[in-house]
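Me: I have a chain on screen and want a close look at one part of it. Please take the salt bridges inside the fold, then set them in their surroundings.

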Amino acid sequence: MCSVPCGEGRKDRGKQPPFLSLSLLPLCKEVTERSVSEGACFPFAKGPTPRAEPAFLPLAARVPPLLSPRADAEGCLAPVNFPNCLACFLKALHCRLKSWTSLVSGLIINFIQLFTLILWPFNKQLFRKVNCKLAYCISSQLVMLLEWWSGTICTLYTDPQNYEKYGTENAIVILNHNFEIDFLCSWNFCERFGVLGSSKVLAKKELASMPIIGWMWYFLEIVFCTRKWEEDRKNVVQALLNLRDYPENFWFLIHCEGTRFTEQKHKISMQVAEAKGLPKLKYHLLPRTKGFAVTIQCLRNVVSAVYDSTLNFRNNENPTLLGVLNGKKYQADLYVRRIPLEEIPEDEQECSKWLHKLYQEKDSFQEEYYRTGAYPGTPIVPPRRPWTLLNWLFWAILLLYPLFKLFINMISSGSSLTLATFAFVFIAATVGSRWMIGVTEINKGSTYGNHGHKEK
């Protein structure tokens, strides 16, 4: 039976504070997205959900179920503990505040970057150095969520002799493209070795118009492409040649597969491999060799090595950015091989053969990982640097004060205009962050193959 009579429960609900009645349940409901596999709680649990607690708690605390599964004849759920409900509300509210901080600080930094264009005609290298610092202020906030908020641990498997060279030289980083947060793990790799602000990518042109990240990349001279090589080649070559005199050490991050791995894309990719007489892959898509070959040609004698990087997650987890925001802790393993650039053929056709062979090796590394749970090489956990957390705290203190002041004014004045403004801020932060998360989702990724194949 319900611990509170149904009639009394209805009376109490009629006396709820308007702010809680409007905000509490929607906020708690959002925390349940993607189920308990994402590390979220169940506000209306159907039963006890056992889970293993981590060895240490990250910044995001775990929240237990709010309501017990007991119900009376009229279907009333029996409340267990209001403090738990409040904890869930505070956790969801904290997600909104993080979104507010990231979105507003990102737009402010984009605005500052706009004014740095004045420097370009007079001192191009100063323009680049300033924008590396400004870009770090944006990208480090996402890295902070991964390594401080969710407590995700990234273990690096590599040769200890090569480990000493990471961060001290320009490099091309080849990444597999299997997970929604693989870009975040690659940024974490860059951050641990001090090249996050100057890291480069080969990105699809649609991202150039995306606020915050896309605009940040524009000022970082990121290479954008349309994935139509006949149209892209000239622009890509020119953009890569512009990096030859870059004043900071940089890593050029490239996903040679061109799009994220899915079973459907893999099936199409292997059909292409069979038609071209190329060896089939089990855990990767067929690499696109033209962009990689041109990158090697344009950056030779500027870049010292290629870092072949293969990422996976323990316990067969499929992590998502929403899971990271909800405080889900993951265990990532990254295998990195340093390959001197002198070992890569200069001829485009030979370079293509070399890349296909590399992906066969990457496939064998993944096969070994699924069999043994580890990559070859020495496991090393690079130490976290405090700058990502300090940067986020700076922006949080700067931006949350006016928001809390607005909240206090709303409570004290009761003005409908103030209430509407506060609600608008919450909705804008929610919609904006959810839209940006959607960009990372695998099911929102691009299709595989050329336009002719798409039409078929």
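Reply: What follows starts with the whole chain, goes to the salt bridges, and then moves out to the helices and strands around them.

The model is a predicted one. The chain has 456 residues, and 52% of them count as buried. Its secondary structure comes to 15 helices and ten strands. Take the contacts between residues at least 6 apart in sequence: 76% of these join residues at least 24 apart.

Now the salt bridges. Side chains of opposite charge can pair when their charged atoms come close. In this chain the count is 15 salt bridges, with a cut-off of 4 Å between nitrogen and carboxyl oxygen.

Start at Arg 128. Its side chain forms a salt bridge with Glu 221, and the closest N and O atoms are 2.8 Å apart. Arg 128 belongs to helix H4, while Glu 221 sits in the loop between helix H7 (213-219) and strand S6 (223-225), so this pair ties together parts that lie 93 residues apart in sequence. Both Arg 128 and Glu 221 are buried.

Arg 128 has another partner. Asp 245 meets Arg 128 in a salt bridge, at 2.9 Å from N to O. Asp 245 lies in the loop between helix H8 (229-241) and strand S7 (251-254), and Arg 128 is in H4, so here the parts tied together are 117 residues apart in sequence. The burial of the two ends can be read from their accessibility. Arg 128 has 1% relative accessibility, and buried means under 20%, so Arg 128 counts as buried. Asp 245 has a relative accessible area of 36%; that falls between the 20% and 50% limits, so Asp 245 is partly exposed.

These pairs are part of a network. Salt bridges link Lys 124, Arg 128, Glu 221 and Asp 245.

Go next to Glu 169 and Arg 338. They form a salt bridge too, with the closest N and O atoms 2.9 Å apart. Glu 169 is in the loop between helix H5 (160-163) and strand S4 (171-175), and Arg 338 is in strand S9 (residues 331-340), so the pair ties together parts that are 169 residues apart in sequence. Both Glu 169 and Arg 338 are buried.

Arg 338 leads to strand S8. Val 306 is found in S8 (residues 305-313), and Arg 338 is among the residues that Val 306 touches. Other contacts of Val 306 include Ile 172, Ile 174, Ile 296, Arg 337 and Ile 339. The C-alpha atoms of Val 306 and Pro 340 are separated by 6.3 Å, although these residues are 34 apart along the chain. Val 306 has 0% relative accessibility, so it counts as buried.

Ser 309 is also placed in strand S8. With 0% relative accessibility, Ser 309 counts as buried. Its contacts beyond four places in sequence include Val 173, Ile 174, Leu 175, Asn 176 and Phe 189. Leu 334, Tyr 335, Val 336 and Lys 362 are also in contact with Ser 309.

Phe 189 takes us to helix H6. Phe 189 is one of the buried residues of H6, and so are Trp 187 and Arg 192. Eleven of the eleven residues of H6 (residues 182-192) are buried, so this helix is largely enclosed by the rest of the structure. Gly 194 follows H6 and has a positive phi, near 75°.

Now the nonpolar side. The largest nonpolar core holds 97 residues, and Ile 174, Ile 181, Trp 187, Trp 217 and Trp 251 have the most contacts inside it. Helix H4 (residues 124-149) gives the most to this core, with twelve residues. A second, separate core has five residues, among them Tyr 157, Tyr 335, Phe 365 and Tyr 369.

Last, a helix pair. H8 packs with helix H10 (residues 289-299) at an angle of about 25°, and the axes are 10 Å apart. Angles under 35 degrees count as roughly parallel, so H8 and H10 are roughly parallel to each other. The crossing of H8 past H10 is right-handed. On the H8 side the contact is made by Trp 229, Arg 233, Val 237, Leu 240 and Leu 241. On the H10 side it is made by Lys 290, Gly 291, Val 294, Thr 295, Cys 298 and Leu 299.

Technical notes:
Residues numbered from 1 in each chain as written. Predicted model: local features only at pLDDT ≥ 70, side-chain atom pairs only at ≥ 80, totals over all residues. Heavy atoms only, no water. Core = buried A, V, L, I, M, F, W, Y, C linked by side-chain atoms within 4.5 Å. Buried < 20%, exposed > 50% of the residue type's maximum accessible area, 1.4 Å probe, protein only. Helix = DSSP H or I, 4+ residues; strand = E, 2+ residues; numbered from the N terminus. Axes fitted to C-alpha atoms, helices over the stretch in contact; angles between N-to-C directions. Parallel < 35°, antiparallel > 145°, perpendicular 65-115°, else oblique. Left-handed = near helix turned anticlockwise from the far one by under 90°. Contact = heavy atoms within 4.5 Å.
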